[in-house]
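Got the viewer open and a selection box ready? Here's a walk through the model, one pick at a time.

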Amino acid sequence: MKMKTDVIQRLATFGNIATPEDDFALGFLIDKVVNHVRTFCHIPACKEIPKELHQVMIDMVVGEFLQAKKAQGDLDLDVLAENAAIKQIKIGDTSVESADEQSFSTQLDKIFAKMAAGSTSSSLVSFRRMRW
């Protein structure tokens, strides 16, 4: 399944390697997001979802998956924090400020929520059809 492969690759960009234990959750979330997009855009099951929405749906699945992992305490924040450990660097008069863990966690929550909320994105709205 192309969607599942792309979701797994997208998860890897966040440092999260999908395990066989994640298969059910990923399959469930993919079905949930596809059904949500079909319902929101009024796309019948007999028609294909436009390919332009593929990345939006992937981000929706990944956002929900990472939110759930973080809520369960199964998300390795150290891997995500490696690239975000420095909040500010000032070259003149040399100053380095490290990001505190609380603000990083809050930033992750915002990123994951934005990814999961694809229904508010203009991409989905532009493919929405009138329902008769």
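## Stop one: the cysteines

Select Cys41 to begin: with a relative accessibility of 0%, Cys41 counts as buried. Bear in mind as you click around that this is a predicted model. Now pick Cys46, which is exposed, with a relative accessible area of 72%. How many disulfides does a search of the whole structure find? The search comes back with zero.

One more pick here: His42, in the loop between H2 and H3. Check its backbone, since His42 has a positive phi of about 60° without being a glycine. Most residues other than glycine have a negative phi. His42 is partly exposed, at 21% relative accessible area; the line between buried and partly exposed is drawn at 20%.

## Stop two: the core

Cys41 also takes you to the next selection. The largest nonpolar core has 28 residues, and Cys41 is among those with the most contacts inside it, along with Val7, Leu11, Val37, Val62, Leu66 and Leu124. Show those as sticks, then colour the helices that feed the core. Two or more residues come from each of helix H1 (2-13), helix H2 (23-41), helix H3 (54-72) and helix H5 (101-116). Which element gives the largest share? That is H3, with eight residues. As background, nonpolar side chains in soluble globular proteins tend to be buried together.

For a view from inside the core, centre on Val7. Setting aside residues up to four places away in sequence, Val7 touches Leu26, Ile30, Ile58, Val61 and Val62.

## Stop three: along H3

Isolate H3 and measure it end to end. Its 19 residues, at 1.5 Å a residue, should span 27 Å, and its end C-alpha atoms are 27 Å apart, so the two agree. Next, highlight the buried positions of H3, including Val56, Met57, Ile58, Met60, Gly63, Phe65 and Leu66. Charged residues turn up in that set too: Glu64, Lys69 and Lys70 are buried.

Zoom in on Lys69 in helix H3. Lys69 has a relative accessible area of 14%, so it counts as buried. What does Lys69 contact, leaving aside neighbours within four places in sequence? Look for Asn16, Asp22, Asp74 and Leu75. While you're here, step to Gly73, which follows H3 and has a positive phi, near 80°.

## Stop four: across to Glu64

Stay with H3, but come at Glu64 from two other helices. Start with Val33 in helix H2. Val33 is buried, at 2% relative accessible area. Draw a C-alpha to C-alpha distance from Val33 to Glu64: they are 9.5 Å apart in space and 31 residues apart in sequence. Val33 touches Glu64 as well as Met57, Met60 and Val61, not counting residues up to four places away in sequence.

Now try Lys114, in helix H5. The C-alpha atoms of Lys114 and Glu64 are separated by 9.7 Å, and the two residues are 50 apart along the chain. Is Lys114 buried or exposed? It is exposed, with a relative accessible area of 69%.

## Stop five: the rings

Last selection: the aromatics. Searching the whole structure gives two aromatic pairs. Phe14 and Phe112 make an edge-to-face pair, 6.3 Å centre to centre with 75° between the planes. This pair links distant parts of the chain, with Phe14 in the loop between H1 and H2 and Phe112 in helix H5, 98 residues apart. Turn on a surface to look at burial: Phe14 is buried at 18% relative accessible area, and Phe112 is buried at 0%.

Swing round to Phe24 and Phe28 for the other pair. Their ring centres are 6.3 Å apart and their planes sit at 25°, so this pair is stacked; the cut-off for stacked is under 30 degrees. Phe24 and Phe28 are four residues apart in helix H2, which means about one helical turn separates them. Keep the surface on: Phe24 is exposed, at 67% relative accessible area, while Phe28 is partly exposed, at 48%.

Finish on Phe40. Arg128 lies over the face of this ring, 4.3 Å from the ring centre.

Technical notes. Residues are numbered from 1 along each chain as its sequence is written. This is a predicted model: local features need pLDDT of at least 70, side-chain atom pairs count only at pLDDT 80 or more; totals for chains, interfaces and linings use all residues. Side-chain values use heavy atoms; hydrogens and water are left out. A nonpolar core is a set of buried Ala, Val, Leu, Ile, Met, Phe, Trp, Tyr and Cys residues joined through side-chain atoms within 4.5 Å. Buried means under 20% relative accessible area, exposed over 50%, partly exposed in between (1.4 Å probe, protein chains only). Contact means heavy atoms within 4.5 Å. Rings of Phe, Tyr and Trp (its six-membered ring) pair if their centres lie within 6.5 Å; planes under 30 degrees apart count as stacked, over 60 as edge-to-face and the rest as tilted. A charge sits over a ring if NZ of Lys or CZ of Arg is within 6 Å of the ring centre and within 35 degrees of the ring normal. A disulfide is a pair of cysteine sulfur atoms within 2.5 Å. The expected span of a helix is 1.5 Å times one less than its number of residues.
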